[in-house]
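Student: I've got a new model open and I'd like to practise reading it. Could we go from one side chain outwards?

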Amino acid sequence: MPTLRPSMTRYDRYGLTASTEQQKQSTEQQQQVRDSGGDSTTMTDEELLLLERANAERDEIFLRYDRGRKCDNIDVWEDPMFEIYTQADRYGFLHPVALSPTGHTKEAEILLQHKTEMERVKKWVKMHKNWGSAATKENLRRRVMKGIPDRMRAAIWRKLLDLDRQVQDNPGMYERMLECARARSPDIRQIDFDVNRQFRNHVFYRERYSVKQQSLFRVLAAYSMYNTEIGYCQGMSTVAAVLLMYFDEEDTFWALDVLMTNARYAMHGLYIVGFPKLMRFLEHHDKILTKCLPKLKKHLDKHDVHSVLYSLKWFFVIFIERIPFSLCLRVWDIYMMFGERVLTAMAYTILKIHKSAILRMKDMDEVTDFLQTRLHKKFGYEDDHVIKVLQNSLDELKRLKLLNLPPAAANELPTVPRGQTVEPSTKARIGHRNEQFSEREIALKETVLYRSESKNDEDDGDEQYNNGVDGQVVCTDRTATADDDDDERTEKDYDDITDDAVSQLHTGVSTGSLRTIQSFTTFDTGTSLATSLNSLVIIDSFDDYCDNDRIIEESTRL
């Protein structure tokens, strides 16, 4: 059994201690700043030391990605053995259990599907060659609803996002932003964390510092400097990782920018501080349920299943890891064509299709587990059927004038030119967390902690009752230890709650639901505004491919 290494602090791995040599370097750096007449003359020796360490950390992370698989400090848990998997699907996702042998009927269905897809490929190739023709414009929307063949997906997405124009209009921009990120991006540590736990059950991202992990890291690092209003926010790694399955690095960079800044998608508003577009999505989703599914809405309200508990990944990362990947790609096809209205309609479609099943569920945890976990593994309906229902939902919501979101605020699209070199603030470069909380944040945090502790007390009471002897309750040392562990967990998991992100949320949240919204954390990064959703989108309790305990421990400590 391998020995466990002691948990490292943020800078231990660089061998930086408060030695005489280090203090000498800090003094020299401070003198250089003063001699240059910079505005950092007010920085203390401690801040200069932390800045030096942050720069060393960024350089060391870039060096590891530059070396790729030749890196000599890859942990065992970061690089799972291929032998644990026995089956890969057509999209590159690995599965630990082999698919059961198919009968003749299933084989016939597969052959029919293959033949149908090949016939569609011929039509799509013809449309791609004549993209600007009247016939293509006439048939495009109908054929997108039928599904883009996977082998044509990259070419068609490229056309729908107009990537050729983006690349031609911005020659050399990607390389310049990557060099800027290497020199000054304050988001490198968080990007490194997220790349390491993104799609680790996929052949592209399974190996630590693989080619695709290197590409994903560079794309996110470059974009953190290109769009300084966002910087980097958790969730962007998921979107970029899917794009990288079909594009190269530079195309992925520009595809990500189109999704963020084009008015058709406007995902910029999802990732800036306060998440204003996410709040609009949630509010509009509740309005649709009240109008179209009142019985289901009442059932969800009865069990305190608020939309924020189950729909964050629906809107935040376009249903990734909430529905089967094959269906998710079909939704992405339609989203590329029609834009944000598809997310609203698909969220409504999921609940409409599974209305009867949800109404039979008796508590919050059962509902959230169904919508967050079980549907991803087994949706229960064929993809074609779901897309037909989605088409009906689009038409229904259009008739009811509920298809489009309420008007957006001005800041939901970029307000400053992108691609300008911006020097992050001192706090941003050091990586200090914004620890100023409003009264509303403090009150919500206390409510969450109270409900969590109450739930822990109930669980402990049940355990003590079950451990009783002859009708008497027996209190054991193990129970006392569990109390201490629970207290530590609640303080750690629910550390920070951001004002704008939770101001519209109800406070009736149970412990089980907090697995979904463990914390909203905002880092004060000056002009960079790099916002992080710790555990909101990326870390799930059922993730079998990463050492989540270690990631959570280090993320919350930093």
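Tutor: Sure. Begin with Leu300: beyond residues up to four places away in sequence, Leu300 touches Leu289, Val305, Tyr310, Ile358 and Val367. Keep in mind that this is a predicted model.

Student: Where does Leu300 sit, in which helix?

Tutor: In helix H14, residues 294-302. As for one of its partners, Val367 is 67 residues away along the chain, yet the C-alpha atoms of Leu300 and Val367 are separated by 8.4 Å.

Student: And is Leu300 buried or exposed?

Tutor: The cut-off for buried is under 20% relative accessible area. Leu300 has 2% relative accessibility, so Leu300 counts as buried.

Student: What's the general idea behind that?

Tutor: In soluble globular proteins, nonpolar side chains tend to be buried together. Here, the largest nonpolar core has 126 residues, and those with the most contacts inside it are Met236, Leu243, Met267, Tyr271, Phe319, Trp332 and Leu371.

Student: Which helix gives this core its largest share?

Tutor: Helix H16, residues 325-338, with 11 residues. The core also draws at least three residues from each of domain 1 (45-100 + 140-262) and domain 2 (276-408).

Student: Let's pick one of those core residues. What does Phe319 touch?

Tutor: Leaving out residues up to four places away in sequence, Phe319 touches Lys313, Trp314, Cys328, Val331, Leu343, Met346, Ala347 and Ile350.

Student: How do I check the length of a helix such as H16?

Tutor: Compare the expected span with the distance between the end C-alpha atoms. At 1.5 Å a residue, the 14 residues of H16 should span 20 Å, and its end C-alpha atoms are 20 Å apart, so the two agree. Just after H16, Gly339 takes a positive phi of about 90°.

Student: What about H17?

Tutor: Helix H17, residues 341-353, has 13 residues and reaches 18 Å from its first C-alpha to its last, close to the 18 Å expected at 1.5 Å a residue.

Student: How would I read which side of a helix is covered?

Tutor: An α-helix has 3.6 residues a turn, so residues three or four places apart point the same way. Now look at the cases here: 13 of the 14 residues of H16 are buried, and H17 is mostly covered too, with 11 of its 13 residues buried. The buried residues of H17 include Leu343, Met346, Ala347 and Ile350, and these are also among the contacts of Phe319.

Student: Can a polar side chain be tucked away as well? Take His268: buried or exposed?

Tutor: His268 is at 0% relative accessibility, so it counts as buried. His268 is in helix H12, residues 268-271. Apart from neighbours within four places in sequence, His268 is in contact with Asn227, Glu229, Ile230, Met260, Asn411, Glu412, Leu413 and Pro414.

Student: How many disulfides are there?

Tutor: A search of the whole structure finds zero. Two cysteines to look at are Cys233, which counts as buried because its relative accessibility is 0%, and Cys292, which counts as buried because its relative accessibility is 17%.

Student: Now zoom out for me. What does the whole chain look like?

Tutor: Its secondary structure comes to 25 helices and four strands. Buried residues make up 53% of the 558 residues. Among contacts between residues at least 6 apart in sequence, 77% join residues at least 24 apart. The accessible surface comes to about 26900 Å², with 50% of it belonging to carbon and sulfur atoms.

Technical notes: Residues are numbered from 1 along each chain as its sequence is written. This is a predicted model: local features need pLDDT of at least 70, side-chain atom pairs count only at pLDDT 80 or more; totals for chains, interfaces and linings use all residues. Side-chain values use heavy atoms; hydrogens and water are left out. A nonpolar core is a set of buried Ala, Val, Leu, Ile, Met, Phe, Trp, Tyr and Cys residues joined through side-chain atoms within 4.5 Å. Buried means under 20% relative accessible area, exposed over 50%, partly exposed in between (1.4 Å probe, protein chains only). Helices (H or I, at least four residues) and strands (E, at least two) are DSSP runs, numbered from the N terminus. Domain bounds come from an automatic or database domain assignment. Contact means heavy atoms within 4.5 Å. The expected span of a helix is 1.5 Å times one less than its number of residues. A disulfide is a pair of cysteine sulfur atoms within 2.5 Å. Accessible areas come from the Shrake-Rupley method with a 1.4 Å probe; for residues, only the protein chains shown count as cover.
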